[in-house]
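Colleague: I should like to learn how to read several local features of a model in turn. May we begin with a single residue and its exposure?

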Amino acid sequence: MIRLSNVLESLLAVSVLAGSWVAAANGTVPDWPDKSLVKEQYESVPMPPGFQIVVTEQEGPVFADARGHTLYTWPVRQLRNGPVGERKGQPSCDKTVYTVNSGLMSPYPGGFELPDVATRPSCLDQWPPALAAEDAKPVGKWTIAQRKDGLKQWAYDGYPLYTSVLDHQPGTVNGGISGPTGEVGVRRPAAAPSMVPPQFTVTTRLTGRTLTTIDNNSVYASSKDQPDKSNCTAQCLTDWKPIVAPAYARPRGEFGVIERSPGIYQWTFRKQPLYTHNGEPFNKMYGSDVPGWYNVYTQHTPRPPAEFTVQESPTGLVLGDKNGKTVYVYMCADDALDQLACDVPDSPQVYRFTVCGGGDPKRCLERFPYVAAPKDAKTGNLLWSAMWIDPTIGKKAEPEQTGAMHVWAYRERPVYTHYRDQRPGDMTADQWGEFYGYRNGYKAFWLRSDFGVRTE
Amino acid sequence: MINEHRYSFSLIASALLLPALACAADSPAAASSKVNWVPPGGRIGYVLTNEVSWGIRETPDHKEECPNGFNIGPREQFAQLYPKDGKKRTLVETQLEREGQIWSPDTTPDEFPFYEATGKYALGIDLDGKDTPEDFESDDGRKGIDNQLFRVVGCVRNYRQEGELGIITTKWRAQKPFNRVTFELTGVDSLENDPDVTVSYYRTLDTLLAGPTGNYMPGGSQRVDTRWGKRFIGTAKGRIVNGVLETKPFDQLLMPEDGMGDPAINIFRTAQLRLKLTPEKAEGLLGGFIDVEQWYYAMNTSWATHHAAYGQASAASIYKALHRLADGFPDPRTHQNTAISGYLSIKLVQAYVVHSEAEKNIVAAKR
């Protein structure tokens, strides 16, 4: 078994260079870098009054309302049997309480009564719109959309903006993610622009936000380099390609420019010269296997609880529980036109019970047990938490309630292991459930996936 | 791409490439017409390019193996169970009920007719050394052929050449890097007849060498995946008889299966190979007793109901048939068989296997 922090050392080594890696006193479980020391910088963009940019723990800079609550968009998405979501300038999330499924997910037709229909909320109940005043004026990419109910709503880049009732404090992004979500009409956090030169972008992974070239090549730095000085020459250049900056490039934010040789300039980030790995396929992290070379993070996600581990699987690195069993997250959105979430404990649990135990909560406990948390569990971050769950109904319970379990949760969603995984790194329940686990099912908690869909 | 950290080019060159180049006259391409050709150093690799089928012997009009026709799939079963008759139904009693049967299947009698493939002949190997009434005969007259998986999927369109697996899986088998596996024969004194060769199995890392029309060509190289592929590595003894490789059983052979999205793995217990070899390619069967539960869930995590419906593959019905026809590895507690005899019909092309120092440690640790 490999302790979480040991394996992630290489992933986090850039922060070692920044001096933020701190070994634990007992020498076995070093802490992750202090997240407050390293946060991604963002571009200052014109915004209407009352809005702000919040740098969140996993998604990085996002637009937020005056309370600091994350804003989301719902971009239109073509599903198997039709589109869902919103087109630019056309808010459709309203007070309609849908009672039947839409039939957008082949092979099943629509028209069947949805679970818990008597208490089913509307889209607006779950996604309060960012309303604009009558006299509001567009600012930059912020525009004003006219709602059918007569109200005006802020939009960014044309897409109407909402908050999520799942976010209860500034900095949480519980309503949606920017990563892969399969064929589901999900909401996306409204990303604020990262402060990166046009040659770069930032990719959200479960381990943090990594620098990527605009061509989707992972960006690396070398421990053999010195601040603002590249030592990668000659043979080194057969495997590593300096990311060349144009002659007109100027230092900005955390990015700098060094002159490698007369007239040849190279980008740096936090004074580290930047490279790509020759021959590496897009979006992979192979280069971090080479001693002394590291993926470059703009920021790291807070560490999972200390008892979690990292395991090597046939696909890559996956989060494990303290026994090394692969950790899974449950994903669910219902098939109504408003595509409401069903993966949080307060939503209908019949979806999850269907795929984990044929509708039987007891069988679900045997097959996808919760990852138990100590009663005094604390994480110190917003991503990971512990909650009380009544396993007989799958919903939140009162502390110490009879039969309740105290379990670990990620983004306010409990995490699980799987009974068929026998040894560390087994991943037999990845994509378990409807539509490869995205619509109503389980996905392994990938920290690095060298094969398959990028989910990390 | 050669990663300096993981692979020593000098090792590669000295062990494989240079001998191969130096013996250009003995290269597979040059030797294709020779009899009793000896690969350089007694070593030849074959990388899997095509997964033709799950060991299905198809006849042109399917009347021989599927006289009753093909099975219906999820869409048709759903329509029969819940006809458009104006009756109001809930999602729980329809869609979720059906998905529940996929993810929590049982072995109760199927509510739909299930047509097993039948007939005298099948692809395969006599895996257990017995000739029993449920066994088949091969087209070349071998008796005692164990292939019960053929009975399960032989009349399911998805698994036939016309089905989605036949069309798409073959493409993905070649395209998706997770699926790349390579066999290497060592100690080969003749590719025509050799009573004692060693066959090693690896997950490998490189793209296939393809020609301008997409045909896969011999002569490429494949690096052994020592980073994530440790658990795939295996070895078995074998022999070559009249150009056909027959192996003794591998204890267990893990076959990666990356269909849609994230990958799965199938487990062949007591796996055996039967491959027609030439210096340039190999073709035949990988067979064994396939872990039923693993095969079933690998199928479902790789193929959503939507995609399975294209090929009329009803997971719940297949599960019942799998357990009904399972014929190996009984559970000591329940005495129920946990594995089913089955095959992958495969095609491979010659490739140079690139080894690394790290591999030695892995192999040593497995011993």
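Colleague: In this predicted model, is Arg270(A) buried, partly exposed or exposed?

Modeller: The term buried applies under 20% relative accessible area and exposed over 50%, with partly exposed in between. Arg270(A) has a relative accessible area of 24%, so this residue is partly exposed.

Colleague: Where does Arg270(A) lie in chain A, and what is notable about its phi?

Modeller: Arg270(A) belongs to the loop that runs between strand 18 (264-269) and strand 19 (272-273) of chain A. Its phi is near 50°, which is a positive value in a residue other than glycine.

Colleague: What can be said of Thr270(B) and its phi?

Modeller: Thr270(B) is not a glycine, yet its phi is positive, at about 45°. This residue sits in strand 8 of chain B, which covers residues 264-277. With 26% relative accessibility, Thr270(B) counts as partly exposed.

Colleague: How many helices and strands does chain B have, and what share of its residues counts as buried?

Modeller: Chain B has 10 helices and 11 strands. Its length is 367 residues, of which 59% count as buried. The chain exposes about 14,800 Å², and carbon and sulfur atoms supply 53% of that area.

Colleague: What do the contacts in chain B show about separation in sequence?

Modeller: Consider the contacts between residues at least 6 apart in sequence: in chain B, 68% of them join residues at least 24 apart.

Colleague: How should one read a sheet, and what is the strand order in the open sheet of three strands in chain A?

Modeller: As a general idea, the strands of a sheet pair through backbone hydrogen bonds, in either a parallel or an antiparallel manner. In chain A, the open sheet of three strands has the order 12-13-22, and the pairing is antiparallel. Strand 12 (200-205) and strand 22 (297-300) of chain A are at the edges; each has a single partner strand, so one side of each is left without a neighbour in the sheet. From one strand to the next, the twist averages 25°.

Colleague: How many bridges link strand 12 and strand 13 of chain A?

Modeller: Six bridges join strand 12 to strand 13 (residues 208-213) of chain A, in the antiparallel sense. As one example, Thr201(A) has Thr212(A), in strand 13 of chain A, as its bridge partner.

Colleague: Finally, which residues does the cis peptide bond with omega of about 5° join?

Modeller: That cis peptide bond joins Ser106(A) and Pro107(A). Pro107(A) is located in the loop between strand 6 (82-84) and helix 3 (123-126) of chain A.

Terms used:
Residues numbered from 1 in each chain as written. Chains lettered and ligands numbered in written order. Predicted model: local features only at pLDDT ≥ 70, side-chain atom pairs only at ≥ 80, totals over all residues. Heavy atoms only, no water. Pairing = 2+ DSSP bridges. Helix = DSSP H or I, 4+ residues; strand = E, 2+ residues; numbered from the N terminus. Axes fitted to C-alpha atoms, helices over the stretch in contact; angles between N-to-C directions. Buried < 20%, exposed > 50% of the residue type's maximum accessible area, 1.4 Å probe, protein only. Contact = heavy atoms within 4.5 Å. Areas by Shrake-Rupley, 256 points an atom, 1.4 Å probe, with all protein chains shown as cover.
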